[in-house]
Amino acid sequence: MNIALIVLDTLRKDRIAPYNRTIDFTPALSDFAADATTYTNAISQAPWSLPAHASLLTGLYPWQHGASQRFPYLHAGTRLQTVLGDAGFNTVAIHNNEWLLPVTGVTDGFDRVVTRSEWTRLLRQPWRIDRLEPLRSAVIRLGSWGNLRRTITQTSDLSDELSATQSVLETHGDDPLFLFLNLTSAHFPYNPPDQYAEDAAHQYRSRPLENGGPVVPAEIDRLSALYDAEVAYLDTVFGQVIESFKAAGLYDETLFVVVGDHGELLGEDEILGHHFSVRDELIEVPLFVKPPGGGDGRNDTLIETRELYYRLCKAAGTERTDPGRLYPDRACGIYHEPVIYGSRLPSARRELDTAQFYAVADQDKRVLTDDSAVPQHRSPDRQLVGEPSDG
Ligand SMILES: [Zn+2]
């Protein structure tokens with residue numbers, strides 16, 4: 001049996017058909033969901049890529065693995081790729097997410113890491129000087145560089161990730177395969193390929209909006225349409241990835257976990273992007289699990305994405321013990337500091353005020369209150385560059 005862990009980066013759960021019947025532009029995900037178990041209560045441990053992936057690949061909470069804005073390196077825990085590699089899996093990572101570059105340590109332990117950027121080779125293990133504070137800001141800039149790169153290159157392009165996946169599947173040998181694939185196209189800025197972008201939204205492609213920056217209500221519909229176009233493109237490529245598994249005869253021999261690492265704000269709290277709060281739209285993520293024999297419809301059980309680590313270890317026959325949730329009935333994560341504990345509240349209350357969805361706790365994990373407002377990153381000097389144009 002092979003294992004495929006596919007992260008659909010920055011994908012909002014409410015923008016794909018398996019979770020929202022009004023969506024008509026994600027047919028591949030719908031087809032896949034029909035073969036899989038669809039989890040309706042999956043919570044990511046962080047609202048941005050680095051700590052979210054670190055939790056996925058170590059089974060640890062962010063305050064345990066330590067990868068954060070302040071300290072952007074993963075240096076704790078036993079990575080999933082290491083466990084599966086020791087169990088005889090050939091382990092391959094394919095991604096173009098700057099927070100997963102070798103300097104952050106998240107993909108350490110894979111037999112092979114495929115990324116687009118040639119210069120990342122300079123950041124491979126022999127050159128790493130992690131844990132040095134002077135490098136921190138450089139790593140942060142690397143992460144931000146991804147947004148800049150997407151702005152410069154203008155158009156989302158997952159063709160490298162797709163061709164690398166096809167190559168891995170076509171040359172797959174006798175050893176079981178663990179493929180970690182991150183597809184980042186729904187990520188800010190939104191530059192979908194022409195055939196996916198609505199004409200009316202095109203004008204926003206080159207606008208220098210800022211991740212986490214404010215948006216004015218007049219912009220939200222168009223930005224949202226651009227985001228949906230990115231999701232439609234992501235869905236197409238995801239479908240091609242699944243077709244590649246089928247073409248290689250591996251679809252029914254593979255355990256698939258398809259998950260979001262976090263969502264995206266599209267004007268909620270008048271913010272664009274992610275990383276800046278723990279609203280539902282950011283930490284409630286899509287999750288599909290398809291064992292070789294197929295899935296089992298919908299599952300409403302609360303699940304933390306870090307728990308997938310233990311499920312995958314167990315499926316590979318290398319059981320590792322989950323120390324358990326901090327609270328059995330809650331999902332926990334982190335948003336910068338302090339620690340945030342997500343508490344599942346009745347839907348009526350969540351709709352009433354999502355800001356009361358979380359409890360804030362101090363560094364000793366002591367819950368201070370269940371009704372604290374979510375800290376918002378809203379620096380007062382942030383301004384839009386230029387004004388939205390008409391039409
Ligand atoms: Zn991400």
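**Strands, helices and burial**

Biologist: Which residue of β9 is the bridge partner of Val257?

Modeller: In β9, Val289 is the bridge partner of Val257. Please keep in mind that this is a predicted model.

Biologist: What makes β6 and β9 count as a pair of strands?

Modeller: Four bridges join β6 to β9, which covers residues 284–290. Pairing needs at least two bridges, so β6 and β9 pair. The two strands run antiparallel.

Biologist: How do you know that β1 and β6 pair, and in which sense?

Modeller: Strand β1, residues 2–8, and β6 have six bridges between them. Because at least two are needed, β1 and β6 count as paired. Their sense is parallel. In one of these bridges, Ile3 has Leu255 of β6 as its partner.

Biologist: Why is β6 described as largely enclosed by the rest of the structure?

Modeller: Strand β6 spans residues 254–259, and six of its six residues are buried, so the rest of the structure largely encloses it. Thr254, Phe256 and Val258 point one way, while Leu255, Val257 and Val259 point the other way, and all are buried. As a general rule, the side chains of a regular strand alternate between the two faces of the sheet.

Biologist: What makes helix α2 largely enclosed?

Modeller: Helix α2 covers residues 49–58, and ten of its ten residues are buried, so the rest of the structure largely encloses it. The buried residues include Ser49, Pro51, His53 and Thr58. Just after α2 comes Gly59, with a positive phi of about 75°.

Biologist: Thr10 also has a positive phi. What makes Thr10 worth mentioning separately, and where is it found?

Modeller: Thr10 has a positive phi of about 65° although it is not a glycine. Thr10 is found in the loop between β1 and α1.

Biologist: Is Thr10 buried or exposed, and how do you know?

Modeller: Within 10 Å of Thr10 there are 28 other C-beta atoms. The cut-off for a buried residue is 20 or more, so Thr10 is buried.

Biologist: Why is Val103 called buried?

Modeller: Val103 has 24 other C-beta atoms within 10 Å. Because 20 or more are required, Val103 counts as buried. Val103 is found in the loop between β3 and β4. The C-alpha atoms of Val103 and Pro72 are separated by 8.9 Å, and these residues are 31 apart along the chain.

Biologist: What makes Gly273 a buried residue?

Modeller: Gly273 has 23 other C-beta atoms within 10 Å, and the cut-off is 20 or more, so Gly273 is buried. Gly273 lies in strand β8. Phe188 is 85 residues away from Gly273 along the chain, yet their C-alpha atoms are separated by 6.3 Å.

Biologist: Let us turn to helix packing. Why are α6 and α7 called roughly parallel?

Modeller: Helix α6, residues 159–170, and helix α7, residues 217–247, pack at an angle of about 10°, with their axes 10 Å apart. Angles under 35 degrees count as roughly parallel, so α6 and α7 fit that description. Their contact is made by Leu162, Thr165, Gln166 and Leu169 of α6 and by Val237, Gln240, Val241, Ser244 and Phe245 of α7. By class, five of these residues are nonpolar, four are polar and none is charged.

Biologist: Why, then, are α1 and α7 called oblique?

Modeller: Helix α1, residues 27–35, packs with α7 at an angle of about 45°, and their axes are 7 Å apart. Roughly parallel requires under 35 degrees and roughly perpendicular requires 65 to 115, so about 45° counts as oblique. From α1 the contact involves Pro27, Ala28, Leu29 and Phe32, and from α7 it involves Asp235, Thr236, Phe238, Gly239 and Ile242. By class, this contact has six nonpolar, two polar and one charged residues.

Biologist: Which residues have the most contacts inside the largest nonpolar core?

Modeller: They are Ile6, Leu234 and Phe238, in a core of 94 residues. The largest share of this core, 13 residues, comes from α7. Leaving aside neighbours within four places in sequence, Ile6 is in contact with Leu181, Val241, Phe256 and Val258.

Biologist: What share of the residues of the chain counts as buried?

Modeller: Of its 391 residues, 46% count as buried. The chain has ten helices and 15 strands.

Note on methods
Residues numbered from 1 in each chain as written. Predicted model: local features only at pLDDT ≥ 70, side-chain atom pairs only at ≥ 80, totals over all residues. Axes fitted to C-alpha atoms, helices over the stretch in contact; angles between N-to-C directions. Contact = placed C-beta atoms within 7 Å. Nonpolar A, V, L, I, M, F, W, Y, C, P; charged D, E, K, R; others polar. Core = buried A, V, L, I, M, F, W, Y, C linked by C-beta atoms within 7 Å. Buried ≥ 20, exposed ≤ 12 C-beta atoms within 10 Å, placed from the backbone.
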